[in-house]
Amino acid sequence: MGYNPDKPMEDRITDIGPPHYEQFFPPVIKENYGKWLYHEIMEPGVLKHVSETGAECYTVRIGSARLISTSLINDYCDIADAHCDGYLRFTTRNNVEFMWTVVDKVQPLVDACNAHGMMPIGGTGAGVTNIVHTQGWVHCHTPATDASGPVKAVMDELFDHFTSMTLPAQVRVALACCLNMCGAVHCSDIAILGVHRKPPLIDHDTITSVCELPLAIAACPLGAIKPAKGTNVTGEEVKSVTVNVDRCMFCGKCYT
């Protein structure tokens with residue numbers, strides 16, 4: 001059917017955006033949305049939320065990597081199906097939380113996670129939360145370092161503090177692969193930041209065929225890139241750019 005400007009959503013099957021998050025809420029969350037009074041940490045990784053209606057929600061939090069296999073996701077779903085009607089959620093720090101309303105089902109859920117071997121319970125209270133990090137070499141063009149490897153190495157050393165609550169306060173650790181910092185290192189207690197140390201090199205032979213020069217120039221946050229003439233290997237003059245090394249902050253945006 002044709003597009004009806006008076007009814008823009010009529011018969012539309014694409015470009016409708018994501019489904020509303022409310023339809024994925026566990027019933028207890030949906031029924032008590034905005035009504036939660038307080039929460040308690042029953043033990044590391046296990047929380048109890050209490051609503052003004054008297055409803056209770058028990059949460060078991062496990063640590064997860066940011067990049068995981070589909071088989072591990074299937075295991076998460078199997079645990080959720082077996083113990084909490086299929087409900088789980090991923091947090092912004094790459095944790096997985098299973099939620100249910102019956103306290104007697106908490107311990108069997110904890111036992112199932114512990115028996116799996118790759119579902120460590122913790123990340124609450126006065127301990128180390130899971131490390132939030134950027135994409136690294138897997139998916140990004142600008143990293144000065146990888147993310148998954150350093151995060152794994154750091155978390156191996158801090159693991160006992162993830163599963164316990166023995167520190168003076170909660171500690172948040174984050175890693176960003178470059179100065180663009182999509183890893184939220186600026187709002188964490190401990191920041192690990194990869195920094196480029198050299199300005200970009202210019203290849204006059206290929207730059208005009210692989211790069212839109214106006215976009216590369218506009219991308220620089222400090223105006224260090226200017227249009228210029230260059231000479232390729234055949235001696236031909238070509239359109240290119242020049243970099244003011246003294247102004248370059250090595251962010252990598254010009255070649256993203």
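The exercises below deal with the cavity and the pockets of a predicted model.

**Exercise 1.** Find which residues line the largest cavity, and sort the lining by class.

Solution.
- The structure has one cavity of 30 Å³ or more.
- The volume of the largest cavity is about 40 Å³.
- Its lining consists of Y58, H83, F98, W100, K105, V106 and L109.
- Two or more of these lining residues come from each of strand 5 (95–100) and helix 3 (106–116).
- Sorted by class, five residues of this lining are nonpolar, one is polar and one is charged.

**Exercise 2.** State where the largest pocket lies with respect to domain 1 (21–116) and domain 2 (126–195), and why.

Solution.
- The largest pocket holds about 500 Å³ of space.
- It is lined by 21 residues, of which S64, A65, N130, K152 and M155 are the closest to its centre.
- Helix 2 (70–83) and helix 4 (148–162) each contribute at least two lining residues.
- Helix 4 gives the largest share, seven residues.
- Because domain 1 and domain 2 both contribute to the lining, the largest pocket lies between them.
- By class, the lining has 12 nonpolar, six polar and three charged residues.

**Exercise 3.** Describe the lining of the second largest pocket by residue, element and class.

Solution.
- The second largest pocket encloses about 290 Å³ of space.
- Of its 15 lining residues, L201, I207, C211, C254 and Y255 are the closest to the centre.
- Helix 5 (207–210), helix 6 (213–219) and strand 10 (237–243) are the elements that supply two or more residues to this lining.
- The class count for the second largest pocket is 13 nonpolar, one polar and one charged.

Technical notes
Residues are numbered from 1 along each chain as its sequence is written. This is a predicted model: local features need pLDDT of at least 70, side-chain atom pairs count only at pLDDT 80 or more; totals for chains, interfaces and linings use all residues. Side-chain values use heavy atoms; hydrogens and water are left out. On a 1 Å grid over the protein atoms alone, a cavity is a set of points where a 1.4 Å probe fits but cannot get out, and a pocket is an open set with protein on both sides within 12 Å along at least five of seven lines; lining residues have an atom within 4 Å of a point. Grid points are joined across faces, edges and corners, and a volume is the space filled by probe spheres set on the points. Helices (H or I, at least four residues) and strands (E, at least two) are DSSP runs, numbered from the N terminus. Ala, Val, Leu, Ile, Met, Phe, Trp, Tyr, Cys and Pro count as nonpolar, Asp, Glu, Lys and Arg as charged, and the others, Gly among them, as polar. Domain bounds come from an automatic or database domain assignment.
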